[in-house]
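Hi everyone, thanks for making time for this. I'd like to walk you through a protein model, so have a look at the picture while I talk.

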Amino acid sequence: MHGEKTASRTGRSVDIPATQPMSSPQEQWSAVDRYLADLLVPSDPVLEAALESSAASGLPEIQVSANQGKLLELLARIQGARKILELGTLGGYSTIWLARALPAGGQLVTLEADPKHAAVARANIARAGLEAIVDLRVGPALETLPLIEAECRGPFDLIFLDADKPGYPDYLPWLLKLSRRGTLIIADNVVRDGAVIEADSADPKVQGVRRFNQLLANEPRVRATAIQTVGSKGYDGFAIALVIGEPRDGQRRPPA
Ligand SMILES: C[S@@+](CC[C@H](N)C(=O)[O-])C[C@H]1O[C@@H](n2cnc3c(N)ncnc32)[C@H](O)[C@@H]1O
């Protein structure tokens, strides 16, 4: 049987077998991601260069996929975001997607603990022509978040949480402090291959996202859900929360 030929994001022609079964779910998820990216997320030299320089510098390949990057960009556009906060810059791949959604005068603050990651990100952001828009702060987010608040950089319209997973529960109060009614908070990697349902997991990342999900569920100031995803990055998911109460309103009132 003949497979279909399609142009890949790198411009090369790739074969998509028409009938041959994929040998693993991951192969199928990756092939479908490539198909969708080829159609809807055309190759972009600046983003490709960011990925290449990150890989060449030895950064872990744990950035969002192209499809997910575009989803972030779309959410920022839908939100009409003028101020964006990101926790976890890595090489700046998601930063570039998000910053490109900003209108003139928009700002993005991104927080990265690892100086090596930050240096690669700075170069990638500069190559993208976004250095005037992006404020990259180096240091553990629990140290830089209070500075962002003290400098009155908020409230942010959209917050992308993608830093260390054990820290997620500690970040949520800060994200709320830096929000307004209507802020959109997106937290990545909250499913972790399904391990999120393992209450006794010894993995601090799993415990971190479990506590974060529970805090979201208990938090009266947000309306939230979480979605499982499969794709080239495996099986995971993201939580999405809309701030519906003023951040300093306090806790849920007891029922009357
Ligand atoms: C999953 S990567 C971010 C990927 C990036 N958002 C993207 O999609 O292109 C997580 C990043 O968070 C950083 N990180 C880890 N702990 C942190 C902390 N305490 N504060 C800020 N960043 C941290 C890591 O160094 C890493 O670069």
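I'll go from the overall picture to the sheet, then a helix, the ligand, and a few loop residues.

First, a word on what we're looking at: this is a predicted model. The average pLDDT for the protein is 91, and 88% of the residues score at least 70. The two stretches to be careful with are residues 1-16, where the pLDDT is below 50, and residues 251-256, where the pLDDT is also below 50. In the model, residues 1-16 have 28 contacts beyond near neighbours in sequence, and residues 251-256 have 2. Where pLDDT is low, the predicted coordinates should not be read in detail. So please don't lean on those contacts.

Now the overall picture. The protein has 8 helices and 9 strands. Of its 256 residues, 40% are buried. If you take the contacts between residues at least 6 apart in sequence, 69% of them join residues at least 24 apart.

On to the sheet. In what order do the strands of the open sheet run? Reading across, you get β5-β4-β3-β6-β7-β9-β8, 7 strands with mixed pairing. At the edges sit β5 (134-138) and β8 (222-231), each pairing on one side only. From one strand to the next, the twist averages 15°.

Let's zoom in on the β8 end. β8 and β9 make a hairpin, with 2 residues between them. They run antiparallel and are joined by 10 bridges. If you'd like to find your way along the hairpin, G231 has G234 in β9 as its bridge partner, and Q228 is partnered with G237 in β9. β9 also pairs with β7, again in the antiparallel sense, over 5 bridges. Here A187 stands opposite A239 in β9.

Next, the helix I'd like you to remember, α7. Which residues of α7 are buried? In this helix, residues 168-177, they are Y168, Y171, L172, W174, L175 and L176. An α-helix has 3.6 residues a turn, so residues three or four places apart point the same way. Look at Y168, Y171 and L175 in that list with this spacing in mind. What covers the buried residues of α7? The cover includes the strands β3 (83-87), β6 (158-161), β7 (184-188) and β9 (234-243), along with the helices α6 (141-150) and α8 (204-218).

The helix next to it in numbering, α8, deserves a closer look. The axes of α7 and α8 come within 8 Å and cross at roughly 35°. From α7, Y168, P169 and L172 meet G208, V209, R211, F212 and L215 of α8. By class, that contact has 6 nonpolar, 1 polar and 1 charged residues.

Now the ligand. Which of the 20 residues around the ligand come nearest? They are Q63, G88, Y93, S94 and D164. The shell has 10 nonpolar, 6 polar and 4 charged residues. Both α4 (93-99) and β4 (107-112) supply at least two residues of that shell.

Finally, some loop residues. A128 lies in the loop between α5 (115-127) and β5. Is A128 buried or exposed? A128 is buried, because 21 other C-beta atoms lie within 10 Å, and 20 or more is the cut-off for buried. Leaving out residues up to four places away in sequence, A128 touches V46 and I96. A99 is 29 residues from A128 along the chain, and their C-alpha atoms are separated by 9.8 Å.

Two residues other than glycine have a positive phi worth showing you. L90 has phi near 50° and lies in the loop between β3 and α4. D193 has phi near 60° and lies in the loop between β7 and α8. Their surroundings are a nice contrast: L90 is buried, with 26 other C-beta atoms within 10 Å, whereas D193 is exposed, with 11.

One last backbone detail: the peptide bond from G154 to P155 is cis, with omega near -5°. You'll find P155 in the loop between α6 and β6.

That's the tour, and I'm happy to go back to any part of it.

Notes:
Residues are numbered from 1 along each chain as its sequence is written. This is a predicted model: local features need pLDDT of at least 70, side-chain atom pairs count only at pLDDT 80 or more; totals for chains, interfaces and linings use all residues. A residue is near a molecule or strand if its C-beta atom, placed from the backbone, lies within 6 Å of it. Helices (H or I, at least four residues) and strands (E, at least two) are DSSP runs, numbered from the N terminus. Ala, Val, Leu, Ile, Met, Phe, Trp, Tyr, Cys and Pro count as nonpolar, Asp, Glu, Lys and Arg as charged, and the others, Gly among them, as polar. A residue is buried if 20 or more other C-beta atoms lie within 10 Å of its own, exposed if 12 or fewer, and partly exposed in between; C-beta atoms are placed from the backbone. Two residues are in contact if their C-beta atoms, placed from the backbone, lie within 7 Å. Two strands pair if DSSP finds at least two bridges between them. Axes are lines fitted to C-alpha atoms, for helices over the stretch in contact, and angles run from 0 to 180 degrees between N-to-C directions. pLDDT is the predictor's confidence in each residue, from 0 to 100.
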